[in-house]
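Visitor: Hi, I have a structure open and would like some help reading it. Could we go through it together, one piece at a time?
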Amino acid sequence: MKLVTAIIQPHRVDEVRAALEAAGVKGVTVSEAAGYGRQKGHTEVYRGAEYTVDLVPKTRLEVLVDDADAATVTEAIVSAAQTGKIGDGKVWVVPVDDVARVRTGEHGADAL
Amino acid sequence: MEEFTLDSGNTAWMIVATALVLLMTPGLAFFYGGMVRAKSVLNMMMMSFISIATVAVIWVLYGYGLTFGSGDLIGNPSGFFGLNDFDDAGSLAAGSGVPALVMAAFQATFAIITVALISGSIADRMKFGAWTVFTVVWATLVYFPVAHAVWGGGLLGWDNPITSSSPIDFAGGTVVHINAGAAGLALALLLGTRKGFGKEPMRPHNLPFVMLGAALLWFGWFGFNAGSEFAADATSGRAFLNTVVAPAIAILGWLLVEKIRDGKPTSLGAASGIVAGLVAITPAAASVDTWGALAIGFIAGVLCALAVGLKYKFGYDDSLDVVGVHLVGGLVGTILIGFFANLGEVTTWAGEGEDLVPMDGLFYGGGVTQLVTQTVVALIAVVFSFVMTYLIGLAIKYTIGLRVSEDVEVSGIDLAEHGETAYEEAK
């Protein structure tokens, strides 16, 4: 099993969710995140005073998938989240030892 | 004794105007509260709310007497103790048929908001207890005397020994805004800068609050300006219209500066422009025609937008620009009366006996007399308020202390001083 984590632009969440559904993904966890990458934040001006906002708001998506689906799901997220502008985010995949479904107590692939 | 005849129309308007002006102080709490960081919004708003509490109480005890009681230097603190034995025929609003009690309630709201305005310069870092004591001491030693001097027949009023014409301060350019602005500067200098001032971002945490606050202030300001006529008549209509016009064009002036200087017109700029325009038209509301109101509003919008940058240049942390908006805006309005006063159009003043009379402005054929009068009175108020506030601040600093500890400031004054936080995650 794999955990696919994506940091994307908040305004692409709906598109990515639709793409995940189309790819057969049954569940996703979404949370608010903030950070910076190569874009290094942005500047805002308040009453003439310029402030650098280092941490830009992003959305974090987490999806648990079968090993075989990891590549497809990653591509689905990338293509749906892409705007081509700096700050589009990142997607990464890590191995998962075990998953348990709380309601039934199932483990492993059955719990996905 | 003169006969007092109640005028129900004027009285009804003044009661409504009083409620409008009182609403300005909670409005100011939103205006200021939105501009600070999330960890100190409650303290910021509480500084306005506690001003309502303390100043209203001392107003009925001795504030009204100190302000409107007779006396050259100060009023008469014990003359109206408790505001129970009133002589309707003896009050300033008697000619309009408005009972003295209504006049006293109306003027209480001015004292309250003047004190609350100062809190903008000391955001995030003043002990709440020290602020509470300050509200009482400052109102007593600065607001009441200045209001008496200008409006109570004192040293800066209609029969003063200093100027050669009667100063014009219709609704409080000197009494409220110059007074609060100079006090804000003194207190900000005494408290020192916030930790990280000019280096760390201190972005306003809730701009919609700021715009809501500006809207409430504008709404309440109709009571402030049009109510200062003490009657519902053509002059209050003039003040009302000018209070529509000046802030409107001040928005344009402020945004124009931002567009040229910073590239984008901001919502904070629009909200600030409203307040700058309101401040500047306050003293002039009934003494300038529509052209004058347009000119004063625009100039105030532009100058205040430029003035808010001074604190970075000179290194004083006037956190929410009490100096840049209220002192500068108050001076702009007060001094521009010397150019734009058009009393032929809108006069209400008629000098009695030995009283001085106000003159038309330089652009309306009155010469420089009124300009000199306005400038002299404004500068006296700046110096008096600054020096007195500095002394009061020093006294509090060396007794109960002015400033919270650095730990409290960094972790957030709301939790330390009030035991609350405004939001679950207050940064």
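Visitor: How many helices and strands does chain A have?
Guide: Chain A has two helices and six strands, and please keep in mind from the start that we are looking at a predicted model. Read along the sequence, these elements come in the order β-α-β-β-β-β-α-β.

Visitor: Is chain A spread out or a compact globule?
Guide: It is more spread out than a compact globule, because its radius of gyration is 17 Å, well over the 13 Å that the globule rule gives for 112 residues. Along the principal axes, the C-alpha atoms of chain A fill a box of roughly 60 × 25 × 20 Å, and buried residues make up 18% of the chain.

Visitor: Let's zoom in on strand β1 of chain A, then. Which of its side chains are buried?
Guide: Strand β1 covers residues 2-8, and A:Lys2, A:Val4, A:Ala6 and A:Ile8 are the ones that point to one face and are buried, while A:Leu3, A:Thr5 and A:Ile7 point to the other face and are not buried. This follows a general rule, since in a regular strand the side chains alternate between the two faces of the sheet.

Visitor: And what does β1 of chain A pair with?
Guide: It pairs in the antiparallel sense with strand β5 of chain A, residues 56-65, over seven bridges, and it also pairs in the antiparallel sense with strand β6 of chain A, residues 89-95, over seven bridges. On the β5 side, A:Lys2 stands opposite A:Val65 and A:Ala6 stands opposite A:Leu61, whereas on the β6 side A:Val4 stands opposite A:Val93.

Visitor: Which strand do seven bridges join to strand β2 of chain A?
Guide: Strand β2 of chain A, residues 29-35, is joined by seven bridges to β5 of chain A, and the two run antiparallel. One of the facing pairs there is A:Ser31 opposite A:Arg60.

Visitor: New topic: what does UniProt list for A:Tyr51?
Guide: An unreviewed UniProt entry lists A:Tyr51 as "modified residue: O-UMP-tyrosine". In the model, A:Tyr51 lies in strand β4 of chain A, residues 49-53, and it counts as partly exposed because it has 15 C-beta neighbours inside 10 Å.

Visitor: Which residues does A:Tyr51 touch?
Guide: Leaving aside residues up to four places away in sequence, A:Tyr51 touches A:Thr43, A:Glu44 and A:Tyr46 in chain A, together with B:Pro201 and B:Arg203 in chain B.

Visitor: So how many residues does each chain bring to the contact?
Guide: Chain B brings twelve residues and chain A brings nine. By class, the side of chain B that touches chain A has five nonpolar, three polar and four charged residues.

Visitor: Staying with chain B, what is special about the phi of B:Asp124?
Guide: B:Asp124 has a positive phi of about 75 degrees although it is not a glycine. It lies in the loop between α3 and α4 of chain B, and it is buried, because 25 other C-beta atoms lie within 10 Å and the cut-off for being buried is 20 or more.

Visitor: Where does B:Phe230 lie?
Guide: B:Phe230 lies in the loop between α6 and α7 of chain B. Its phi is also positive, near 60 degrees, in a residue other than glycine, and B:Phe230 is buried, with 25 other C-beta atoms within 10 Å.

Visitor: Last one: how far apart are the end C-alpha atoms of helix α7 of chain B?
Guide: They are 40 Å apart, which agrees with the 40 Å that its 28 residues, 234-261, should span at 1.5 Å a residue. Just after this helix, B:Gly263 takes a positive phi of about 100 degrees.

Definitions and conventions: Residues are numbered from 1 along each chain as its sequence is written. Chains are lettered from A and ligands numbered from 1 in the order in which they are written. This is a predicted model: local features need pLDDT of at least 70, side-chain atom pairs count only at pLDDT 80 or more; totals for chains, interfaces and linings use all residues. Two residues are in contact if their C-beta atoms, placed from the backbone, lie within 7 Å. Ala, Val, Leu, Ile, Met, Phe, Trp, Tyr, Cys and Pro count as nonpolar, Asp, Glu, Lys and Arg as charged, and the others, Gly among them, as polar. Helices (H or I, at least four residues) and strands (E, at least two) are DSSP runs, numbered from the N terminus. The expected span of a helix is 1.5 Å times one less than its number of residues. The radius of gyration is taken over C-alpha atoms; the globule rule is 2.2 Å times the number of residues to the power 0.38. A residue is buried if 20 or more other C-beta atoms lie within 10 Å of its own, exposed if 12 or fewer, and partly exposed in between; C-beta atoms are placed from the backbone. Two strands pair if DSSP finds at least two bridges between them. UniProt positions are given in the numbering used here, feature names are shortened, and annotations may be inferred rather than shown by experiment.
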